[in-house]
Amino acid sequence: MGVEWVLVCHGLVTALVVVSFLCGRWPIFEGTFIQRIHYFLTFGFYDYFLRFVGAVFGAKGADAVLSVENFCCDRPNPLLQIIYLAIIGSTYYFVVKSCFAYIPGYYLGDFHRYTSFLAVAVGILLFLLTSFSDPGTVKAQNVSHYLSAYPYDNIIYEEKECSTCKILKPARSKHCSICDRCVARFDHHCGWMNNCIGEKNTRYFMAFLLWHFLLCMYGTVAIGLVLAGRLKELKVVYILTVYYGVENSFLDLAPHVVQWLLGSYNTQILLMVFLAIVAMLLAGFFGYHAKLCLSNTTTNETYKWQDYMDWQRKLKEAQASAEALKQSINGMTSEKRPVVSKWRSFFRRSPLEDVVVVKNNIYDKGFINNIWEVISPLSTRRTLTQTKLKSS
């Protein structure tokens with residue numbers, strides 16, 4: 001049982017680290033140990049490491065680490081792209097080495113050898129398409145095109161010039177400090193793609209997330225069917241019940257079956273658990289971005305709206321507090337003041353509870369039009385081009 005428990009602990013620790021690293025900033029994990037692990041992995045560990053290097057190697061060593069950080073985090077580089085290709089390549093290699101010997105099997109046909117390769121190839125194609133496609137770079141030559149595509153809402157976007165590109169910034173655009181360019185309908189800079197996600201390649205990015213979620217689910221189910229087929233072909237349940245006297249019930253058989261699988265097919269189980277964890281993470285990412293697309297909002301705009309709503313809420317709360325204070329002073333100076341019981345005053349609603357801030361997103365045109373805008377970006381539509389030519 002020693003090896004089996006090591007594998008179980010390894011899987012749990014791997015899942016904890018992956019979830020903490022990728023999802024530790026989610027609101028649901030705020031104040032939990034997952035958030036603290038995320039902070040340590042993303043900032044604390046590096047901070048301690050930088051201090052250690054500075055103490056041992058001096059300022060030159062710390063400067064060398066900072067230069068590597070600048071290359072990896074503040075400049076375009078293919079590091080994460082190489083890591084992605086290494087992960088998907090090595091994972092598929094181990095799947096082939098450990099599972100293809102049992103295909104065809106009891107539950108899987110021989111065609112899965114070819115469909116799995118095709119599925120991985122489509123995933124890599126979507127990755128390359130997202131990585132090397134134009135996200136919608138705003139230049140002096142096409143800035144008027146984007147200005148006509150996205151009007152200013154005068155709430156989170158106002159007419160102003162990009163201080164770096166020295167051109168008028170269209171609404172919903174942002175200057176990416178890593179790529180050093182303005183991107184239309186900017187969502188975020190994706191290190192895995194070494195590219196910005198903007199107006200023209202959001203559709204490829206969404207397809208990438210969805211396809212890789214389906215790919216991981218396909219791998220998880222396929223490996224599970226391989227293991228189920230081995231149980232059937234080797235008659236494990238029959239041997240346990242007839243020769244070892246185990247009761248033919250799920251609760252009695254499950255521990256013995258799991259022990260046998262961990263001892264005989266630990267590589268396949270680790271691959272299945274890894275693919276299942278990645279599938280859940282990809283489902284979360286895809287769900288988050290799908291929600292943004294349905295409301296015609298970008299990740300960048302989410303932060304802008306959050307700052308605006310917080311500011312508006314504080315402003316209205318200050319106004320409500322001032323009004324309540326004014327009414328309280330007027331009540332104290334009036335000749336006849338109604339007596340309010342302590343019980344009623346305890347349950348009286350605070351004026352701050354009535355503060356409501358409404359988000360007025362003029363770019364939200366209904367979920368059907370919002371989805372179509374992602375599939376067919378405004379700047380690529382023929383109607384917009386014809387309108388621009390007529391106006392000029």
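A nonpolar core here is a set of buried Ala, Val, Leu, Ile, Met, Phe, Trp, Tyr and Cys residues joined through side-chain atoms within 4.5 Å. Keep that handy for the exercises below, and remember that this is a predicted model.

**Exercise 1. Get an overview of the protein chain: its elements, burial and contacts.**

Start with the elements: the protein chain has 13 helices and five strands. Next, burial: 34% of its 392 residues count as buried. As for the surface, about 24,400 Å² is exposed, with carbon and sulfur atoms supplying 65% of that. Finally, take the contacts between residues at least 6 apart in sequence: 65% of them join residues at least 24 apart.

**Exercise 2. Find which residues have the most contacts inside the largest nonpolar core, and which elements build this core.**

The largest nonpolar core holds 38 residues, and Phe208, Ile223 and Leu261 have the most contacts inside it. Now sort by element: α3 (79-99), α4 (112-132), α6, α7 (236-242), α8 and α9 (266-294) each give two or more residues. The largest share is that of α6, with ten residues.

Zoom in on Ile223. Skipping neighbours within four places in sequence, Ile223 touches Val95, Cys99, Gln268, Leu271, Met272 and Leu275. Apart from the largest core there is another one, of eight residues, including Ile156, Tyr157, Tyr363 and Leu378.

**Exercise 3. Work out how helix α6 packs against helix α8, and what kinds of residue make the contact.**

First, what do we need? Two packed helices are described by the angle between their axes and the distance between those axes. For helix α6 (residues 202-233) and helix α8 (residues 250-264), the angle is about 110° and the axes lie 12 Å apart. Angles from 65 to 115 degrees count as roughly perpendicular, so α6 is roughly perpendicular to α8.

Then list who meets whom: α6 brings Leu227, Arg230 and Leu231, while α8 brings Val257, Trp260 and Leu261. Sorting the residues of this contact gives five nonpolar, no polar and one charged. Leu261 also turns up among the residues with the most contacts inside the largest core.

**Exercise 4. Place Leu50 in its helix and describe what surrounds it.**

Leu50 sits in helix α2, which covers residues 33-73. Leaving out neighbours within four places in sequence, its contacts are Ala62, Val65 and Leu66. To get a feel for the spacing, try Asp63: Leu50 and Asp63 are 13 residues apart in sequence, and their C-alpha atoms are 9.5 Å apart in space.

Terms used
Residues are numbered from 1 along each chain as its sequence is written. This is a predicted model: local features need pLDDT of at least 70, side-chain atom pairs count only at pLDDT 80 or more; totals for chains, interfaces and linings use all residues. Side-chain values use heavy atoms; hydrogens and water are left out. Helices (H or I, at least four residues) and strands (E, at least two) are DSSP runs, numbered from the N terminus. Buried means under 20% relative accessible area, exposed over 50%, partly exposed in between (1.4 Å probe, protein chains only). Contact means heavy atoms within 4.5 Å. Accessible areas come from the Shrake-Rupley method with a 1.4 Å probe; for residues, only the protein chains shown count as cover. Axes are lines fitted to C-alpha atoms, for helices over the stretch in contact, and angles run from 0 to 180 degrees between N-to-C directions. Angles under 35 degrees count as roughly parallel, over 145 as roughly antiparallel, 65 to 115 as roughly perpendicular and the rest as oblique. Ala, Val, Leu, Ile, Met, Phe, Trp, Tyr, Cys and Pro count as nonpolar, Asp, Glu, Lys and Arg as charged, and the others, Gly among them, as polar.
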